Amino acid sequence: MDELVEKVRNTGYRVSVEPKNVDMKTNPVSPIRVAFIEGLLHESIELFCEKA
């Protein structure tokens, strides 16, 4: 995740939320890593992956 966000940042996109760990409130709880970037049309794009 962090490496991908750095690549996106280096191409000129704005990272609006830096990568962080979050526990999704599911049953059972699912730990994920999440970040948000701003797209070309100023839309918010969520990137996430499951944590092992």
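**Ile37, the nonpolar core and the strand pair**

Beyond its neighbours within four places in sequence, Ile37 is in contact with Val8, Arg14, Val15, Ser16, Glu43, Ser44, Ile45 and Leu47. The model examined here is predicted.

Ile37 also belongs to the largest nonpolar core. Six residues make up this core. The other members are Val5, Val8, Val15, Ala35 and Leu47. Two elements each give two or more residues to the core: helix 1, spanning 2-10, and strand 2, spanning 30-38. Val8, Val15 and Leu47 appear both in this core and among the contacts of Ile37.

Strand 2 pairs with strand 1, which covers residues 14-24. The two strands run antiparallel. Eight bridges join them. One pairing links Val22 to Ile32, its bridge partner in strand 2. The connection between strand 1 and strand 2 is a hairpin, made through five residues.

Strand 2 also holds Arg33. Is this residue buried or exposed? Arg33 has a relative accessible area of 19%. The cut-off for a buried residue is under 20%, so Arg33 counts as buried. Its side chain makes a polar contact with the side chain of Asn21, at 2.9 Å. Asn21 is also one of the residues in contact with Arg33 when neighbours within four places in sequence are left aside. The others in that set are Met1, Asp2, Pro19, Lys20, Leu47, Phe48, Cys49 and Lys51. Leu47 thus recurs: it is in contact with Arg33, it is in contact with Ile37, and it is part of the largest nonpolar core.

How values were computed. Residues numbered from 1 in each chain as written. Predicted model: local features only at pLDDT ≥ 70, side-chain atom pairs only at ≥ 80, totals over all residues. Heavy atoms only, no water. Core = buried A, V, L, I, M, F, W, Y, C linked by side-chain atoms within 4.5 Å. Buried < 20%, exposed > 50% of the residue type's maximum accessible area, 1.4 Å probe, protein only. Helix = DSSP H or I, 4+ residues; strand = E, 2+ residues; numbered from the N terminus. Contact = heavy atoms within 4.5 Å. Polar contact = N/O pair within 3.5 Å; in protein donor to acceptor, adjacent residues only side chain to side chain. Pairing = 2+ DSSP bridges.
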